[in-house]
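Reader: Before I rely on words such as buried or salt bridge, I would like to see each one set against its rule. Could you go through them with me?

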Amino acid sequence: MTKPSISIIMPVYNVQRYVAAAIESVLAQTFGDFELVIVDDGGSDRSVEICASYADPRIRIISQRNRGLAGARNSGISAARGEYIALLDADDSWSPEKLALHKIHLDNNPYVGVSYCGSRFMDAEGTLLRQAQRPKLENITARDILTRNPIGNGSAPVIRKSALATIAFEHPDERGRECFFDEGFRQSEDIELWIRMALTGGFRFEGIDGLLTHYRIVSGGLSANIAAQYDSWNRVLVKTMAHAPEFVARYGDEARAFQLRYLARRAVQMGDGAFALILLKEAFAVSFKPLVREPVKSAFTFVAAAAARYLPNDFVNRLADGWTGGRVLR
């Protein structure tokens, strides 16, 4: 078989409510030279049955015992035949032109290892929200990756497979299993990989214009568990400290403060103003960098947290919906 230009890796685990929309957004791409590698990660619902109902020859399904998102992505990447690897979570979706624009970007910029884009948020029903991630697109440094994570979410990047090969490692417990993402992480596996790639060097991170990814916010999902998310993120920092101590010593406090502020904004979105205020207090106790670098956003986060703590929910919802003019949640 002719090798496709792009391999799309989509882990599937108990997402029967959303997976059809994800697949259909892939099949609606204006660029068609792709394969969709669906990784059945051992779920118990009808997700894989739904996937199998699509007869497109570009789709193939591989099955494994449950390994989590990192493990499913690793299996998919290892099975991929394309020059470029596009990641798509099964509860997200893409704009039709996404793959075409990333293909042009990577073809014309061989020094770019990770191409990414901005994202629109959508709710559980698939309705697009005003909030969006409009990240920094150029001159990305390892500091940017650690402190602000411009890639934003796991459905935004398209990665040069040769760039992934530079950071691959053997699974510590399974001889011969190639890993890219660290399967020891059930959350924060994305940022751990980006930091490792950025510190290794050799390829750049660069974004393209447009909100080409639709990122679903689902209550009760991984992103909703703020305490666990912060704990996982801290583990990434500890791991990075082991092989880049000077880097973490220089930027670790700044990164921790930005992460706490981000989680405070997530807490506001979930309606927990009291927790948001605690997170903000902790953030500014660690470092004033978020306040210095982004004073308006930091101040507005405090106002939104206080409103969520003391004001009616309908007012808070309107405030959260428009707190940056529909711009960046992070």
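Author: What follows is a set of questions about how residues and elements in this structure earn their labels. The model is predicted, so local features need pLDDT of at least 70 and side-chain atom pairs count only at pLDDT 80 or more, while totals for chains, interfaces and linings use all residues. Residues are numbered from 1 along each chain as its sequence is written, and side-chain values use heavy atoms, with hydrogens and water left out.

Reader: What makes Lys297 count as buried, and what is Glu294 called?

Author: Buried means under 20% relative accessible area, exposed means over 50%, and partly exposed is what lies in between, with a 1.4 Å probe and protein chains only. Lys297 has a relative accessibility of 16% and therefore counts as buried, whereas Glu294, at 22%, is partly exposed because its value falls between the two limits.

Reader: How do you know that Glu294 and Lys297 form a salt bridge?

Author: The term requires a side-chain nitrogen of Lys or Arg within 4 Å of a carboxyl oxygen of Asp or Glu. The closest N and O atoms of Glu294 and Lys297 are 3.9 Å apart, so the pair meets the rule. By this rule the count comes to 24 salt bridges.

Reader: Which parts of the chain does the salt bridge between Arg73 and Asp190 link?

Author: The side chains of Arg73 and Asp190 meet with N to O at 2.3 Å. This pair links distant parts of the chain, with Arg73 in helix H3 (residues 68-79) and Asp190 in helix H7 (residues 189-200), 117 residues apart. Helices here are DSSP runs of H or I with at least four residues, strands are E runs of at least two, and both are numbered from the N terminus. Both Arg73 and Asp190 are buried. Glu183 and Arg177 form another salt bridge, at 2.8 Å from N to O, and these two belong to a network with Arg65, Arg67 and Glu174.

Reader: Why is Arg160 said to have no salt bridge?

Author: The nearest side chain of opposite charge, that of Glu83, is 4.2 Å away, and the rule asks for 4 Å, so no salt bridge is assigned although Arg160 is buried. For charge, Lys and Arg count as positive and Asp and Glu as negative, with His and the chain ends not counted. Arg160 lies in strand S8 (residues 158-160), and its contacts (heavy atoms within 4.5 Å), not counting residues up to four places away in sequence, include Glu83, Tyr84 and Phe203.

Reader: Why are S6 and S7 called paired strands?

Author: Two strands pair if DSSP finds at least two bridges between them. Three bridges join S6 (residues 112-122) to S7 (residues 128-133), so this antiparallel pair satisfies the rule. Arg120 stands opposite Ala132 in S7, and the two strands form a hairpin with five residues between them, where Gly126 in the turn has a positive phi of about 90°. S6 is also joined to S11, by 10 bridges, and these two strands run parallel.

Reader: What is Ser188 called, buried or exposed?

Author: Ser188 has a relative accessible area of 15%, which is why it is called buried. Ser188 is found in the loop between strand S10 (178-179) and H7, and its phi is near 65°, a positive value in a residue other than glycine.
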